[in-house]
Amino acid sequence: MKKGIFYCIFLVVLSVGLFIWVFTKNRSFDHEYGQDVDIAGDLTGLSTSPLPGYSSRYAVIPEGEEINAEEFVNSTYAVIMVNNETKECLAAHNVHRRIYPASMTKLMTGLVVCDAIEQGKLSLDEVIELEHDISFDSSLSVVQSNLYKGCRISVRNLLTALMLSSYNDYAIILAERVGGSVEGFAELMNQKAREIGATNSHFTNPHGLDDLDHYTTAYDLYLIVNAAADCEILEEIDQYSSYTYSWTDANGESWDDTATATNYYLNDGASLPSNISILAWKTGTTTGAGNCLAMKVKINDATYTMMVADGESKTDLYAKYSILFNLAD
C-alpha cells in the first residue's frame, strides 16, 4: 500500500517536473555568445541554434546562410529581409554577426518605456523635471536637445522626439525615470531582449553610442522591429514625418521644438514607392555602425521586416533598400 502511494507521488512529481521543463524550454532563451568574442570578430563555430517556440511565428535563418547577398557583400555589414506572411527570408547577409546598433537601439528603449506605461509605472502625460545637465563626449557628433537642469517636459514629448529626431539626452532622461539609472534601464533592455528572443544582443545604454559591450545582430533587429510594430504607441509615432511640441525651461518659460523624422522616406530625402507604407522604423548612424535603417513595411498585401547596416553612405543605404523592395513578391 505504502509503495503504491509512493509510486503515485513519484509519478505526479515527475509529470510536474516534465511540464515545467517543457514550458521553460519554450519560453526562455540562453545567451548564444561567449564573453571573449569581439564585435565583427570571427564567429566561426558559435552556436546559433533555433529559438524554441519562435519558429512558428518567425523565420529561422541558419548561421552562415547568405540569400540574394551579391549586392551587399562589398559595402554592408549586415542585411536581412523577411516576408512576415510566409516567414521566407528574401535577403540575408551576416544576419547573426554582431554589429553596433547605433540609434536603432532606441527601438528597444521605446519598448521598455512603453512596457512601463502599460504596467502603470508612468504615463504619457507625466511631466519630468531634469535633475541634472546631460552631456556627452565632446569628440562625438551627438544629437541632443537644448534641455538642461530644471527644464520640464512630458513623457509623450520625450518619447516622440526620441523616436523621430533621435535626441540622445531624451534617451537618458527616460532611462533614469524608468530604470532609476542608465545601468538599471540597460538591465530592463536586456531582459526585454530575452523575452522576445533577441538573445544575441546586449545593451549597455539607451541611446546606442558605440560601446564594445553594446551590440545586436540583423536577426535580432528583425525580432525587435516586429515587437515595436506591435506596440500601439510606437506604431503611432512612426507614422509622423514631424512633431511640434513644447517644453518649459528652469524659469518657467515655454519653448517650442519640432522633431523631424530621420528616415529619408518620411522627410523627403528619398522617394518611397507608392505601393509601400511604413509600419515601424528607426535609423542609426555611428562610426562603428555605419548608416543603418531598420523597418517593417507593407508592400501590396504583405508585410516585410528589413534592416541594412551600410558601410559607405546614406545614399548607398537607401540604394540598398531599393534593391530589397524589388525582392518583394
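A residue is called buried when its relative accessible area is under 20%, exposed when that area is over 50%, and partly exposed in between. With that scale in hand, here is what turns up in this predicted model.

Let's start with the overall picture. The protein has 8 helices and 9 strands. Of its 329 residues, 52% are buried. The accessible surface adds up to about 15700 Å², and carbon and sulfur atoms account for 50% of that. Looking at contacts between residues at least 6 apart in sequence, 63% of them join residues at least 24 apart.

Now for the charged side chains. Side chains of opposite charge can pair when their charged atoms come close. In this model, the count comes to 5 salt bridges. Three of these pairs are worth a walk-through, going by where the partners sit and how much of each one is covered.

Take Asp125 and Arg156, whose side chains meet in a salt bridge with an N to O distance of 2.9 Å. Asp125 lies in the loop between helix 2 (105-118) and strand 3 (127-129), while Arg156 belongs to helix 3 (residues 155-165), so this pair ties together parts of the chain that are 31 residues apart in sequence. What about their surroundings? Asp125 has a relative accessibility of 57%, so it counts as exposed, since the cut-off is over 50%. Arg156, at 34%, counts as partly exposed.

Right beside Asp125 in the numbering comes Glu126, which forms a salt bridge with Arg177; here the closest N and O atoms are 2.6 Å apart. This pair also links distant parts of the chain, with Glu126 in the loop between helix 2 and strand 3 and Arg177 in helix 4 (residues 168-179), 51 residues apart. Glu126 has a relative accessible area of 23%, which means it falls in the partly exposed range, because buried would require under 20%. Arg177 is partly exposed as well, with a relative accessibility of 30%.

The pair of Lys320 and Asp316 tells another story. Their salt bridge has its closest N and O atoms 2.8 Å apart. Both residues sit in helix 8 (residues 314-325), and because they are 4 residues apart there, about one helical turn separates them. As for cover, Lys320 is buried, and Asp316 is buried too.

Put side by side, the Asp125 pair joins a loop to helix 3, the Glu126 pair joins a loop to helix 4, and the Lys320 pair stays within helix 8.

Conventions:
Residues numbered from 1 in each chain as written. Predicted model: local features only at pLDDT ≥ 70, side-chain atom pairs only at ≥ 80, totals over all residues. Heavy atoms only, no water. Salt bridge = Lys/Arg side-chain N within 4 Å of Asp/Glu carboxyl O. Helix = DSSP H or I, 4+ residues; strand = E, 2+ residues; numbered from the N terminus. Buried < 20%, exposed > 50% of the residue type's maximum accessible area, 1.4 Å probe, protein only. Contact = heavy atoms within 4.5 Å. Areas by Shrake-Rupley, 256 points an atom, 1.4 Å probe, with all protein chains shown as cover.
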